Amino acid sequence: MLLLAVLWSLLVLFSLWTQREQLNSTAHQLARIDAIANLKKDMAIRKWASQVGGVYINEANAPNIDAFSEQERLWASSTTGTSVKLISLASMHILLGIQEVSNKEYGTKERLTSLQLHNRDNAPDEWEQKALKTLEAGSEMITEAMPRKGGHGLMRVMIPMRMEEECLECHRETLVPVGGLRGAAAVSIDLNTYWSAQESTWRTIQYWHLGIWLAGLATLYAYSSFLRQRSIEHLRQDQQRRETEAAFSAMAEGAVITDAHGDILWVNDAFCHIYGYSREEIIGRNPRLLKSGHHDDRFYRQLWGTLAQRGRWRGEIWNRRKNGEIFPEEISIQALRGTHGETVRYVSIFSDITERKRSEDELQQHQRRLEESETQLRELAAFLQTVREEERTRIARELHDELGQALIALRLDLGWLRGKFGTQSTSDLSAAERVASALSVVEQSIVSLRRISEDLRPAMLDSLGLAAAIEHHVTQFTQRTGISCQVNMNREEFDLPSNLATAIFRIVQETLTNVARHSGASEVTVDVTENEMGIRLDVADNGRGFDVANPTKRFGLLGIRERITMLGGSLEIHSKPDSGARIEGWLPFRNEVEHD
């Protein structure tokens, strides 16, 4: 930029110098034109005077009377009668007079000179001698600008004065033939006058060049700044490109860049490692080389259609390594757009997912086995639950039928004995007390037997149905625990399959047992609602609650959840510390029917 600034400054200076020279040339031309015009005018007057034979003037007005001593004189009378002495002036005298006036009045220096001196005052100087010799050789005019210290110099012009017939009378002694060079008329004009007339033009030119120079420097500075910014931007982009290329090269995933036609321009080391090709083998070739034949043409049409529409595509492709091995890869393709929206590059990032696919297959196999195991466990749990209910029913029935009948028979016998002892003497009072104590034990055993039998399998559930069984159980719960319990049901009786009714009853039973053991509640609400889709069961208490997110094992809740899950239902538990607890269960009819 410094060199350009220097070159620009030199160019402006050269232009300024050229303009100055042009102005000098113009001044010289103007001065030359004026000088030639003056000389030609003087020569025209001399020629006219020569043609008319001279001019008579008042002798009193003739300058330098001594020079005209040989001139003809005569007397003349004016119209007023005044006598005037006239003297004849030759053409040369007229020319000298004109030059004298011009020299005094207009600052020009005109004079006559010759190599054959008749008047030593007209002796030529060095330049005039050279000019006279040049005119003598045949030239018609000599012009030259003469430099002068402290100014612009002089414009000197000389034209010849040839010998004419009428001049022989006075200049015969010079021996110059007619047509020969008798002398010359010369004029010197100061060029400062012409330069002064062009000073304003010169200042304007200077100002213009100064403005152009400054504008050029400003343009160069702006262009330099632009180039510097552009260079910085190019360096930044180049650095970013190198960093990006280094990052792509260091990636564990494969990377490939293709042109708009799909031909490979660049690949990273991971690509070569995954596919087994060297860069020299793959660059310049089309990715069709990697096709495995696993996908049909429709797959690739959809891929390219998505790329054209969205500019990106992500998915899984099966490709072929150099050794022929087919493997899966997860690939992301991004289209890079140009300034007009056209695609100029495709960048693809991919990773070999062979191990992941293998792990996914193994995981799916484990998942299937786990699901099969869970299904078997649920079937086993359901079977055990059924067996347990059946066993409870059998035990409850045997307790009621066998042991209950035995206790009732024993109570009858003890009652008879107590009646017998009541009529005996006082000496048998101790035996009567023992019979009464035994009868009390039997009565308590009958009550306990009924309670145990009801807990094992409430006979009311089979005889009177689910609604009556729940109401009866809630009543006993309130009597045993003192906790107020309110039951809300939208049916007087529920027409449900046996296992579904049993499950609902057991859920209510287990939930109330948990409330009694852990909640510290004073009130419990049980809501059983049936609709056309299934049964909704809500149990809420105002106890201390618990943190649902706490992983503490709660086997009662786990048993409830498992029982509902086996029937295809769902369970939600809502609780916070010191905010009570709410259990919402949903058991659908459809699954229940399928289960049956």
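In the predicted model, Asp352 is partly exposed, with a relative accessible area of 31%. The side chain of Asp352 forms a salt bridge with that of Arg321, with an N to O distance of 2.8 Å. This pair connects distant parts of the chain, since Asp352 belongs to strand β12 and Arg321 to the loop between β10 and β11 (326-337), with 31 residues separating the two. Arg321 has a relative accessible area of 11% and is therefore classed as buried, the limit for that class being under 20%. Arg321 also has an aromatic contact: it lies over the face of Phe327, 3.9 Å from the ring centre. Phe327 in turn belongs to a cluster, linked by ring pairs, that also contains Phe271, Tyr275 and Phe350.

The structure contains 10 aromatic pairs. One of these is formed by Trp195 and Trp202, whose rings are arranged edge-to-face, with 6.4 Å between centres and 85 degrees between planes. Both Trp195 and Trp202 are buried. Trp195 additionally has a charged residue over its ring, as Arg20 lies over the face of Trp195 at 4.3 Å from the ring centre.

Strand β12 (residues 343-352), which ends at Asp352, pairs with strand β8 in the antiparallel sense, over 6 bridges. Within this pairing, Val256 has Ser348 of β12 as its bridge partner. Strand β8 spans residues 254-259 and is mostly covered, with 5 of its 6 residues buried. Strand β8 is also paired with strand β9 (residues 264-267), again in the antiparallel sense, here over 3 bridges. In that pairing, Thr258 is opposite Ile264 of β9. The two strands, β8 and β9, make up a hairpin with 4 residues between them. The turn of this hairpin includes Gly262, which has a positive phi of about 95 degrees.

The total number of salt bridges is 17. Besides the pair of Asp352 and Arg321, one of them joins the side chains of Glu316 and Arg356, at an N to O distance of 3.3 Å. This contact also spans distant parts of the chain: Glu316 is in strand β10 (residues 312-320), Arg356 is in helix α10 (residues 354-422), and they are 40 residues apart. Glu316 has a relative accessibility of 32% and so counts as partly exposed. Arg356 is likewise partly exposed, with a relative accessible area of 32%.

A further salt bridge lies within helix α10, where the side chains of Glu355 and Arg358 meet at 2.5 Å, N to O. Because Glu355 and Arg358 are 3 residues apart in this helix, about one helical turn separates them. Glu355 is exposed, its relative accessible area being 53%, whereas Arg358 counts as partly exposed at 39% relative accessibility. Salt bridges with shared partners also join several residues into one network, made up of Arg314, Glu316, Glu330, Arg356, Lys357 and Glu360. The pair of Glu316 and Arg356 described above thus has both of its residues in this network.

How values were computed: Residues are numbered from 1 along each chain as its sequence is written. This is a predicted model: local features need pLDDT of at least 70, side-chain atom pairs count only at pLDDT 80 or more; totals for chains, interfaces and linings use all residues. Side-chain values use heavy atoms; hydrogens and water are left out. Rings of Phe, Tyr and Trp (its six-membered ring) pair if their centres lie within 6.5 Å; planes under 30 degrees apart count as stacked, over 60 as edge-to-face and the rest as tilted. Buried means under 20% relative accessible area, exposed over 50%, partly exposed in between (1.4 Å probe, protein chains only). A charge sits over a ring if NZ of Lys or CZ of Arg is within 6 Å of the ring centre and within 35 degrees of the ring normal. Two strands pair if DSSP finds at least two bridges between them. A salt bridge is a side-chain nitrogen of Lys or Arg within 4 Å of a carboxyl oxygen of Asp or Glu.
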